[in-house]
Amino acid sequence: MSQQSLTLPAPGAAADKKRRLLELLGAASIAATFIFLVLAQPADITNGVGSASTLVALGGFLLGAILLILGVLPTLPTSTLVLIPVALVLNIALGQIMGTTGLPFYFDAIGTVLIAVLAGPAAGAATGALSSIVWSFFNPTVLPFAAGAALIGFLAGMAARYGLFRRFYLAPVAGFATGIIAGVVSAPIAAFVFGGTSGAGTGAIVSAFRAMGDTLLAAITKQALISDPMDKAIVFAIAALLVYALPRRATFRFPFVRRFNVLAGKDPAAAS
Amino acid sequence: MLSRLNPLTTLAASGAAIALTMAASNWPVSVAVAAAVLAAGTGAGVMRRVLAASAVILLPLWFSLLVLHGLFFPEGRIVLAGWGPARITVEGLAFALEMGTRTTACVLVLLLFSFVVNVADLVAMMTTRRIPPQFGYVLASTLTLAPAITDQLSRIRQAQEARGLVLGGSLLQRVAAARLQMVPLVLALIQEAAERAHALDARGFSSPGPRSTYREVADSRGQRTFRRAVLGLAAAAVILRLCASWFGVPVLPSLSAGNA
């Protein structure tokens, strides 16, 4: 590294362009992987383990998630960045609290949705992907789902941007729609990488569809379409309740909330 | 011994082991990788923790795989036993074994990595490798915050239980109790995060430009060569497998045998 100047370089347009490119490449990698898996319909993984499709699914989704993180992270303001570790721990901790209620869902995206509502789709996508990567230090099986988690964060941010978190009853509707998309995208990972699901309840649903003669991918997709929309509807509702419970001076600190009027109501600073 | 290696070396070795296991997709290879992890973990003295952490993940997975594929495998031809729609087939059991051993090997590899790696060293290495510093911050901060937040949560719960909060009861009561714990937790966390943002900004965290690190992480020419070799081997295995299934090139049997 040569010594050029002792002053800090101005953040150039070239760096911004590079980051934009990384974001686009990341999104393209995830989309292309999914389209490949759907079009190629890797005939039936049950006739041989379909190792090539597994490698494509794993590689394409992980690469996409990493590119998204590299592209988005440097653009986030520090106030948003410090929230990401909090969101990651919330994903784990709140998931455990909800686990004690005995309901048959995962609830592992509450922190991600919370960040997406406060800081927008890009921050939500980065948080989702990072959540899977950091969580894999404790539980490696969540790592392959990084792209699905990024998609959930992105869609939650888009829902917040277009005002679906202004009314409490709209948030679960947005969650339900997000769950459908996220379930369809995550099902190939569960099928190709793990050959099934690890939950007892979800496993029973997959078994039922298999007993009716479905292929493994079809059975897991149908199971995802049953569990995921319900799960995400509840997660979005919980995130909405948490955001409403926060004091306004905390939520209006976020430029995204002010700019798109994410939560109906006035900025306390502007009102006084 | 493992924890004294450069974190990039253990990371590269773990990544390569997973790529090879996935590319081979062959249960003897998976078992060999798992055995290698067990041997390395015993050498590093973390075997008990790796096994405990992996049991929590792998037991439900194996149970689910065995029930799902062991009983319901419509593609199966050789039926060992059957009760109505549920049939135990040889193909189903073989598929469960294949998938289960493959996932077991990968989970063991990654858990061994996370137990032997020194996170501070890993973050320091990332800083010098042009990975955005924000990534290192999020990684290190989450791993240190997790126990602190668990503590905070249990303090909130104890305080509320001292005031008469009942955690059991009907579904509505349990949801209400969960809300009573979550709202103060989230509120406190967001407040603290804002303070941390000021502290980081005051130290110029968000300004661009090159960074250096105080932490010196040992590296050697041997480790650099090893990293290149294992990553090259993993890439070759992946390419070979893709070629084999798309263009019908036969996979050399020696490849799947020689990587454990």
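**Exercise 1. In which element of chain B does Ser25(B) lie, and is this residue buried or exposed?**

Solution. Ser25(B) is placed in the loop between helix 1 and helix 2 (27–44) of chain B. The model is a predicted one, and every value below is computed from it. For the backbone, phi of Ser25(B) is near 45°, a positive value in a residue other than glycine. For the accessibility, the relative accessible area of Ser25(B) is 10%. Buried means under 20%; Ser25(B) is therefore buried.

**Exercise 2. What is the value of phi for Asn261(A), and where in chain A is this residue found?**

Solution. Phi of Asn261(A) is near 50°, again a positive value in a residue other than glycine. The residue is located in the loop between helix 12 (255–259) and helix 13 (268–271) of chain A. Its relative accessibility is 34%. The partly exposed class lies between the 20% and 50% limits, so Asn261(A) counts as partly exposed.

**Exercise 3. Describe the surroundings of Ser14(B), starting from its helix.**

Solution. Step one is the location: Ser14(B) belongs to helix 1 (residues 7–24) of chain B. Step two is the accessibility: with a value of 9%, Ser14(B) counts as buried. Step three concerns the polar side-chain atom: a polar atom of the side chain of Ser14(B) lies 2.7 Å from the backbone oxygen of Thr10(B). Step four sets aside neighbours within four places in sequence; Ser14(B) is then in contact with Val109(B) and Phe113(B).

**Exercise 4. Characterise chain B as a whole, then examine helix 4.**

Solution. Chain B comprises nine helices and two strands. Along the sequence these follow the pattern α-α-α-β-β-α-α-α-α-α-α. Of its 260 residues, 42% count as buried. Among the contacts in chain B with a separation of 6 or more, 68% join residues 24 or more positions apart.

Helix 4 (residues 90–116) of chain B has 27 residues, which should span 39 Å at 1.5 Å a residue. The end C-alpha atoms are 39 Å apart, in agreement with that expectation. This helix is mostly covered, with 21 of its 27 residues buried.

**Exercise 5. Which residues of helix 1 of chain A are buried, and how does this helix pack against helix 2 of chain A?**

Solution. Begin with the length. Helix 1 (residues 13–40) of chain A has 28 residues and reaches 39 Å from its first C-alpha to its last, close to the expected 40 Å. Next, the buried residues in this helix are Glu23(A), Gly26(A), Ser29(A), Ile30(A), Thr33(A) and Leu37(A). Their cover includes helix 2 (51–72), helix 7 (146–161) and helix 8 (170–194) of chain A.

Two packed helices are described by the angle between their axes and the distance between the axes. For helix 1 and helix 2 of chain A, the angle is about 160° and the axes are 7 Å apart. Angles over 145 degrees count as roughly antiparallel, so helix 1 of chain A is roughly antiparallel to helix 2 of chain A. Their crossing is left-handed.

Ala32(A) also lies in helix 1 of chain A. Its relative accessibility of 43% makes it partly exposed. Ala32(A) and Gly64(A) are 32 residues apart in sequence, with their C-alpha atoms 9.6 Å apart in space.

**Exercise 6. At what angle do helix 5 and helix 10 of chain A cross, and which residues make the contact?**

Solution. The axes of helix 5 (residues 110–119) and helix 10 (residues 216–245) of chain A come within 9 Å and cross at roughly 55°. The two helices are therefore oblique to each other, and their crossing is right-handed. From helix 5 of chain A, the contact involves Ile110(A), Val113(A), Leu114(A), Val117(A) and Leu118(A). From helix 10 of chain A, the contributors include Val235(A), Phe236(A) and Ile238(A).

Phe236(A) also appears in the surroundings of Thr178(A), a residue of helix 8 of chain A. Thr178(A) is buried, with a relative accessible area of 4%. Leaving aside neighbours within four places in sequence, Thr178(A) is in contact with Ile152(A), Leu155(A) and Phe236(A).

Notes. Residues numbered from 1 in each chain as written. Chains lettered and ligands numbered in written order. Predicted model: local features only at pLDDT ≥ 70, side-chain atom pairs only at ≥ 80, totals over all residues. Heavy atoms only, no water. Helix = DSSP H or I, 4+ residues; strand = E, 2+ residues; numbered from the N terminus. Buried < 20%, exposed > 50% of the residue type's maximum accessible area, 1.4 Å probe, protein only. Polar contact = N/O pair within 3.5 Å; in protein donor to acceptor, adjacent residues only side chain to side chain. Contact = heavy atoms within 4.5 Å. Expected span 1.5 Å × (residues − 1). Axes fitted to C-alpha atoms, helices over the stretch in contact; angles between N-to-C directions. Parallel < 35°, antiparallel > 145°, perpendicular 65-115°, else oblique. Left-handed = near helix turned anticlockwise from the far one by under 90°.
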